[in-house]
Structures are given as structure tokens and as C-alpha cells.
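Thanks for coming. I will take you through one structure this morning, a few residues at a time.

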Amino acid sequence: MATVDEAPSSKRWLPLEANPDVMNQFLWGLGLQPGEAECYDVYGLDEDLLAMVPQPVLAVLFLYPITEQSEEERRLQENDKRECNSKVYFMKQTVGNACGTIGLLHAVGNITSEVKLIDGSFLDRFYKSTVPLNPLERAAFLENDREMEVAHSVAATAGDTEASDNVNTHFICFACVDGELYELDGRKSGPISHGASSPSTLLQDAAKVIKGTD
């Protein structure tokens, strides 16, 4: 599950469970063509466990506990302004507990050339409407979208654990755009580049960043 404790909006959603089945039904219901992409668990960061993940990997969602150390690292990164490829799809987070959904939107938004969205579906309309916007405008668009709020609520109550907004974990996404690995976290000021990557090494490259050895 995931939460945001510093969202500038007063709106809060129930957190999305880190459950591939829930996420798959959520994405397929929003318009990702079934069979185009699917969420899977990653059971560990060792090479043997990474090798169990079906290939190719299009994006990586990472769920971690919010701690004093992680918050200090985030504040330090806020002061480290970096240039970013304009092709990277990134949005800020202004709704509490929406990071699971935003992580999925980051994942799909950076692979729209590789997967098929159903014409006229929510995701098809969402990306067509928000690609021209800046990260904060995209956040506002999401915050005011009643259809997504309802869909998120349905997904958030479909997991194996009782839904509660009293959690202290957070989802982020890793995606490869134009041969570069990007960390996409709606609580940060923008995408963070972690250097060269490729679709064939995305999972291993993201694992190195997660382990702090990039």
C-alpha cells in the first residue's frame, strides 16, 4: 500500500494494494488492451529472483516504507535540478494515497508506443488530454477526474487486506526512455535520471538503483 503525507490537496484516496491481480484488473478496466501488458510480483533483487520475472519488462513499480532517511534523501534531491528528456511522461501527486495509481499512470504513460490502449477508453482519453500539460496541470486534471477517482476506489477495496488510509509506504516507478533510466516519483519535483539503460536491462538497472549501488 502507499501514502503521501505532504500532498498539497486535502483530497485523499484509499491506498492501492501492491497486488498484481488488482493492478491488472484496474488497468484493463481503464483501457489497457488485455494481453498487451501485465503486472507481476518481483520476489527479490537477487539475479536468480529477477530472472523469474517474465520478459520483456516495460516498467518497474517499487513500494518502500517512508522513513526519516528516505525523506531526507527526497529533500536533498529537490535541490538537485536536472535536465529531463521532454519525452518522459511525468506528473506530480496532489492527492493523498494516490501514488499507486500515479505509479501505474507513469508506467503506461512512458510505454504508449509499445502497448495498445482501447480507443476512447479512460487511459486513451487521459493521455491525449494530459500530454500537452505540465506535471502540476496533469496532477490537477487527475484530481478533478471523477471517473478515475471511482475506478481507483473500486481497485483499492478489491485487495486482500482491509482498506485503510493510515499507511506509511509509497510507490514510485522506473521507466526507460530513449536509452535512459528514469525514476518517476510524484512527490519529487521531476523525473530523476539514473543513467543509461535499455528495455532488456531495465529490471536489473532499476534493482541496482533500489539497492543503492547505481
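Before I point at anything, one term: the helices and strands I name are DSSP runs, numbered from the N terminus, with at least four residues for a helix and at least two for a strand. Also keep in mind that this is a predicted model.

With that, helix H1 covers residues 20-30, and Asp21 lies in it. Asp21 has a relative accessible area of 57%, so it is exposed. Asp21 also belongs to a negative surface patch, together with Glu38, Asp41 and Asp160.

Next, the salt bridges. As background, side chains of opposite charge can pair when their charged atoms come close. How many salt bridges does the structure hold? There are six, and I will go through some of them.

Start with Lys11 and Glu149. They form a salt bridge in which the closest N and O atoms are 3.4 Å apart. This pair links distant parts of the chain, since Lys11 sits in the segment before H1 and Glu149 in helix H7, residues 146-156, with the two positions 138 residues apart. Lys11 is partly exposed, because its relative accessibility is 26%.

Glu149 has another partner, Arg146, and here the N to O distance is 3.7 Å. Why are Glu149 and Arg146 separated by about one helical turn? Because they are three residues apart in helix H7. Arg146 is exposed, at a relative accessible area of 57%. Put together, Lys11, Arg146 and Glu149 make up a network of salt bridges.

Helix H7 takes part in a further bridge, between Arg125 and Glu147, at 3.2 Å from N to O. Again the pair links distant parts of the chain: Arg125 belongs to helix H5, Glu147 to helix H7, and they are 22 residues apart. Are these two buried or partly exposed? Arg125 has a relative accessible area of 39%, which makes it partly exposed. Glu147, at 40% relative accessibility, is partly exposed as well.

Now stay with helix H5, residues 122-130, and turn to the aromatic side chains. The structure holds five aromatic pairs. In one of them, Phe126 and Tyr127 have ring centres 5.6 Å apart and ring planes at 80°, so the pair is edge-to-face. The cut-off behind that word is an angle over 60 degrees between the planes. Phe126 is buried, with a relative accessibility of 1%. Tyr127 is buried too, at 5%.

Phe126 also pairs with Phe141. Their ring centres are 5.7 Å apart and the planes stand at 70°, so this pair is edge-to-face. Phe126 is in helix H5 and Phe141 in helix H6, residues 135-143, so to speak a link between distant parts of the chain, 15 residues apart. What about the exposure of Phe141? At a relative accessible area of 31%, Phe141 is partly exposed. These rings are part of one aromatic cluster, formed by Tyr89, Phe122, Phe126, Tyr127 and Phe141.

That leaves the loops, and a few backbone details in them. The loop between helix H2, residues 47-50, and strand E1, residues 60-65, contains Pro56. Gln55 and Pro56 are joined by a cis peptide bond, with omega about -5°.

Which residues other than glycine have a positive phi? Asn97 is one of them, with phi about 70°. Asn97 is in the loop between helix H3, residues 68-78, and H4. Its relative accessible area is 0%, so Asn97 is buried. Asp178 is another, with phi near 50°. Asp178 is in the loop between strand E2, residues 169-177, and strand E3, residues 180-184. With a relative accessible area of 51%, Asp178 is exposed; the cut-off for that word is over 50%.

One last loop residue is Thr112, placed between helix H4, residues 99-109, and helix H5. Thr112 is partly exposed, at 39% relative accessibility. How far apart in space are Thr112 and Leu32? From C-alpha to C-alpha they are 9.8 Å apart, while in sequence they are 80 residues apart.

That is the tour. I will take questions now.

Definitions and conventions: Residues are numbered from 1 along each chain as its sequence is written. Side-chain values use heavy atoms; hydrogens and water are left out. Patches are made of residues with over 30% relative accessible area and no salt bridge: like charges are joined within 9 Å, nonpolar side chains (Val, Leu, Ile, Met, Phe, Trp, Tyr) within 5 Å. Accessible areas come from the Shrake-Rupley method with a 1.4 Å probe; for residues, only the protein chains shown count as cover. A salt bridge is a side-chain nitrogen of Lys or Arg within 4 Å of a carboxyl oxygen of Asp or Glu. Lys and Arg count as positive and Asp and Glu as negative; His and the chain ends are not counted. The place of a charge is taken as NZ of Lys, CZ of Arg, CG of Asp or CD of Glu. Buried means under 20% relative accessible area, exposed over 50%, partly exposed in between (1.4 Å probe, protein chains only). Rings of Phe, Tyr and Trp (its six-membered ring) pair if their centres lie within 6.5 Å; planes under 30 degrees apart count as stacked, over 60 as edge-to-face and the rest as tilted.
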